[in-house]
Amino acid sequence: MIEPLQLAQKPTPIQCLDIPSIIPDVKIHIKRDDLTGLLSSGNKIRKLEYLLADAKNKKCDCIITAGPIQSNHIRTTMYVCATMGIKAVAVLAGKPPKTLEGNLLLDSLFGGELYFLDKEEYDKMKDGFIQELTIKFRKQGYKPYLIPTGGSNGIGALGYLAAMEEMAHYIKTSAVDAIFCAVGSGGTYAGLLMGKYLFGVEAPLYGILVDETIEYFQAKIKNIINESSTILEKKLAIDDNEIKLINGYIGEGYGIPYPEEIEVIKKLALKGIVLDPVYTGKAFYGMVKERARLDYHNPIFIHTGGIFSLFAYKESFC
Ligand SMILES: Cc1ncc(COP(=O)(O)O)c(C=O)c1O
């Protein structure tokens, strides 16, 4: 088992509110994982508690990761590495923009070494490019540690297993009847599902996709659970039917917001809670729309953060 570093501000609060302008007659519980820290806000820091503990145990001194230009995972990784004095490298999907905004501005302030690959190049050659970087840094005397996109593997997911432990009592005693989160790289969902299984939480866990397909994530989430179960040395007999993924809220594609989503973000902001346009905005909108079908009465939404990418989407809010 990996002893996690203590990096996030935890436990995060759970807020319960009426939002009749968005969803009448239902109180929504919101797990405020957007409050895991200022510069470390969001879900990624919980995964990094385990991933960086593993890197430290293995005496690695150079973290290499990858993701989209406005990746919250990359910003959180660059931040933590800056505080720990570890070299941090990221491979980003897309051309370098003219101005640094949102997460990318922070990545650069934290001194991250950033490499940009055109979207097509990134899709085709990312893994090879990372391998070349690994060899290059080894030659320079570093011991690199690779973290996958979104920190989603069997180690990172343990952060969300722990998050479920943190809220299991609340969910049970408040009679929560449905749990919702965004699915971007699958680690958060996989961790929550393992926690649900291990801590006896009965409410169904729904993952709203913001990218890819249900088939893709069914396979990826199962894979992550298998990896975690090896690390935990525990058999996790989670039935495939327990993986409840919902498609239909991606819009035109990953990172492309749509008017109904922006409307929900604006309405929730009037209550002092800010969602992001890439992950939580789509997931929250999906949760609201699915009410008619799923007939839940007392849901909890896992607010996984993402505040900084909002500043790269200014035009969507004009
Ligand atoms: C703000 C935010 N919410 C949700 C997610 C989705 O989590 P996961 O990648 O673990 O599926 C991500 C990252 O992908 C994220 O940055």
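Here are two short exercises on a predicted model, each with a worked solution.

Ground rules: residue numbers start from 1 along each chain as its sequence is written, and side-chain values use heavy atoms, leaving out hydrogens and water. Since we're on a prediction, local features need pLDDT of at least 70 and side-chain atom pairs count only at pLDDT 80 or more, while totals for chains, interfaces and linings use all residues.

**Exercise 1.** Work out how domain 1 and domain 2 meet.

*Solution.*
1. Grab the bounds, which come from an automatic or database assignment: domain 1 is 14-43 + 153-317, and domain 2 is 61-142.
2. Take the C-alpha centres; the two domains sit 25 Å apart by that yardstick.
3. List contacts (heavy atoms within 4.5 Å): eleven residues of domain 1 touch eleven of domain 2.
4. Get the buried area (accessible area, 1.4 Å probe, lost on putting two parts together, summed over both). That's about 960 Å², with 61% on carbon and sulfur atoms.
5. Look for salt bridges (a Lys or Arg side-chain nitrogen within 4 Å of an Asp or Glu carboxyl oxygen). The domains share one: K314 pairs with E101, closest N and O atoms 2.4 Å apart.

**Exercise 2.** Find the enclosed space in the model and say what surrounds the largest cavity.

*Solution.*
1. Set up a 1 Å grid over the protein atoms alone; a cavity is a set of points where a 1.4 Å probe fits but cannot get out. Points join across faces, edges and corners, and volume is the space filled by probe spheres set on them.
2. Count those of 30 Å³ or more: there's one.
3. Size up the largest cavity: about 180 Å³.
4. Collect the lining (an atom within 4 Å of a point). Of 21 lining residues, N43, K44, T188, Y279 and T304 are closest to the centre.

Technical notes. 1 Å grid on protein atoms, 1.4 Å probe; cavity = no way out; pocket = protein on both sides within 12 Å on 5 of 7 lines; lining within 4 Å.
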